[in-house]
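Let's take a walk through this protein together, starting with the overall layout and ending at its charged pairs. Keep the viewer open as you read.

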Amino acid sequence: MRLIYKGKFSGNEADIPSDEHRPGAKKFKEPEMKTFMVMINIAALVISVSLIIVVALIARPMSDRDSAPLMGLQLILAAVLSMLVIFPHELLHALCFKKEVYLFTYFKSGAAFVVGNEDMSKTRFVIMSLLPNLVFGFLPYILFLLFNELVFLGALGALCIGQGAGDYLNVFNALTQVPNGAKIYMHGFHTYWYVPDGKQQLQISDNERR
């Protein structure tokens with residue numbers, strides 16, 4: 001993997017490096033970008049708030065007048081750290097690429113993102129999409145569920161799990177739209193899949209025999 005920092009994103013999709021489309025490529029069936037952004041923001045809010053409520057319900061019986069300020073401080077620190085892990089989140093995405101991967105900042109939306117042009121198997125694409133959410137979200141949240149005094153980790157996990165709403169939609173699309181043996185690649189803001197020629201011919205032959 002070779003990470004290339006591209007700086008501030010201008011908002012123009014044409015500024016994102018991309019390769020030519022593969023023969024027979026099909027775009028993920030997904031909403032238009034504006035609708036997509038509204039959907040994932042709502043989903044992120046619902047997920048994070050729901051999980052934070054669980055943290056509060058579990059932690060409340062342990063709180064008292066003396067520990068309440070400490071618990072509030074943990075929640076504040078978790079909120080701050082959840083914003084600071086935006087770059088590490090993208091770096092974990094980037095680690096799953098084998099070739100060049102481009103990092104953009106988009107502070108207008110309080111975000112950053114990485115884009116790579118290489119082909120990926122469906123399995124590697126799913127791992128790439130989920131890895132940061134597992135590390136910064138689900139792992140801390142599970143540790144809180146096991147050790148309820150770790151309120152900071154519970155709150156951090158809840159917020160970071162919500163931040164992965166867009167990644168979960170990509171995983172859902174990959175699992176429900178992409179056949180086994182197909183390859184997935186990114187092009188601008190969108191994701192495409194195609195069946196390599198050899199495997200496509202093999203599938204045609206198998207269908208003819210049936």
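Two residues are in contact here when they have heavy atoms within 4.5 Å. With that in mind, look at how the chain folds back on itself in this predicted model: among contacts with a separation of 6 or more, 72% join residues 24 or more positions apart.

The protein chain has 7 helices and 7 strands, and their order along the sequence is β-β-α-α-α-β-β-β-α-α-α-β-β-α. Of its 210 residues, 40% are buried. The chain exposes about 12,100 Å², with carbon and sulfur atoms supplying 64% of that area.

Now turn to the inside. The largest nonpolar core holds 28 residues, and Phe28, Phe125, Met128, Ile184 and Trp193 have the most contacts inside it. Which elements give two or more residues to this core? They are helix α3 (86–95), strands β3 (100–106) and β4 (111–116), helix α4, helix α6 (165–177) and strand β6 (183–187). Another core, of 9 residues, lies apart from it, and includes Leu51, Val55, Met71 and Ala158. To see the surroundings of one residue in the largest core, centre your view on Met128: leaving out residues up to four places away in sequence, Met128 touches His93, Cys96, Phe97, Met120 and Met186.

Helix α4 is worth following further, as it spans residues 122–146. The unreviewed UniProt entry annotates residues 36–59, 71–92 and 125–147 as "transmembrane region". How does the model fold the stretches that carry this annotation? Over residues 125–147 the chain is 96% helix and 0% strand, and 32 Å separate the end C-alpha atoms. Residues 36–59 are 100% helix and 0% strand, with end C-alpha atoms 34 Å apart.

Next, the surface. A nonpolar patch is formed there by Leu134, Val135, Phe138, Leu139, Ile142, Leu143, Leu146, Phe147 and Leu150, which together have about 760 Å² of accessible area. Is Leu146, one of these residues, buried or exposed? Leu146 lies in helix α4 and has 60% relative accessibility; it counts as exposed because the threshold is over 50%.

Arg124 also belongs to helix α4, but here the value is 18% relative accessibility, so Arg124 counts as buried under the 20% cut-off. Beyond its neighbours up to four places away in sequence, Arg124 touches Cys96, Phe97, Lys98, Glu118 and Asp119. With Glu118, the side chain of Arg124 meets in a salt bridge (3.0 Å, N to O). Glu118 is buried as well, at 8% relative accessibility.

Side chains of opposite charge can pair when their charged atoms come close. How many salt bridges does a search of the whole structure find? The search finds 3, and the pair just described is one of them.

Another salt bridge joins Asp119 and Arg22, whose closest N and O atoms are 2.7 Å apart. This pair links distant parts of the chain, 97 residues apart: Asp119 sits in the loop between β4 and β5, and Arg22 in the loop between β1 and β2 (26–27). Asp119 is partly exposed at 26% relative accessibility, whereas Arg22 is buried, with a relative accessible area of 15%.

A further salt bridge brings together the side chains of Arg2 and Glu100 (3.6 Å, N to O). Because Arg2 lies in strand β1 (residues 2–8) and Glu100 in strand β3, the pair ties together parts that are 98 residues apart in sequence. Arg2 is partly exposed, with a relative accessible area of 49%, and Glu100 is partly exposed too, at 32%.

Finish at Asn117, in the loop between β4 and β5 (120–121). Asn117 is buried, with a relative accessible area of 8%. What does Asn117 contact, leaving aside its neighbours within four places in sequence? The residues are Pro17, Ser18, Asp19, Arg22, Glu100, Tyr102, Tyr185 and Met186. Among them you meet Arg22 and Glu100 again: Arg22 forms a salt bridge with Asp119, and Glu100 forms one with Arg2.

Terms used:
Residues are numbered from 1 along each chain as its sequence is written. This is a predicted model: local features need pLDDT of at least 70, side-chain atom pairs count only at pLDDT 80 or more; totals for chains, interfaces and linings use all residues. Side-chain values use heavy atoms; hydrogens and water are left out. Patches are made of residues with over 30% relative accessible area and no salt bridge: like charges are joined within 9 Å, nonpolar side chains (Val, Leu, Ile, Met, Phe, Trp, Tyr) within 5 Å. Accessible areas come from the Shrake-Rupley method with a 1.4 Å probe; for residues, only the protein chains shown count as cover. A salt bridge is a side-chain nitrogen of Lys or Arg within 4 Å of a carboxyl oxygen of Asp or Glu. Helices (H or I, at least four residues) and strands (E, at least two) are DSSP runs, numbered from the N terminus. Buried means under 20% relative accessible area, exposed over 50%, partly exposed in between (1.4 Å probe, protein chains only). A nonpolar core is a set of buried Ala, Val, Leu, Ile, Met, Phe, Trp, Tyr and Cys residues joined through side-chain atoms within 4.5 Å. UniProt positions are given in the numbering used here, feature names are shortened, and annotations may be inferred rather than shown by experiment.
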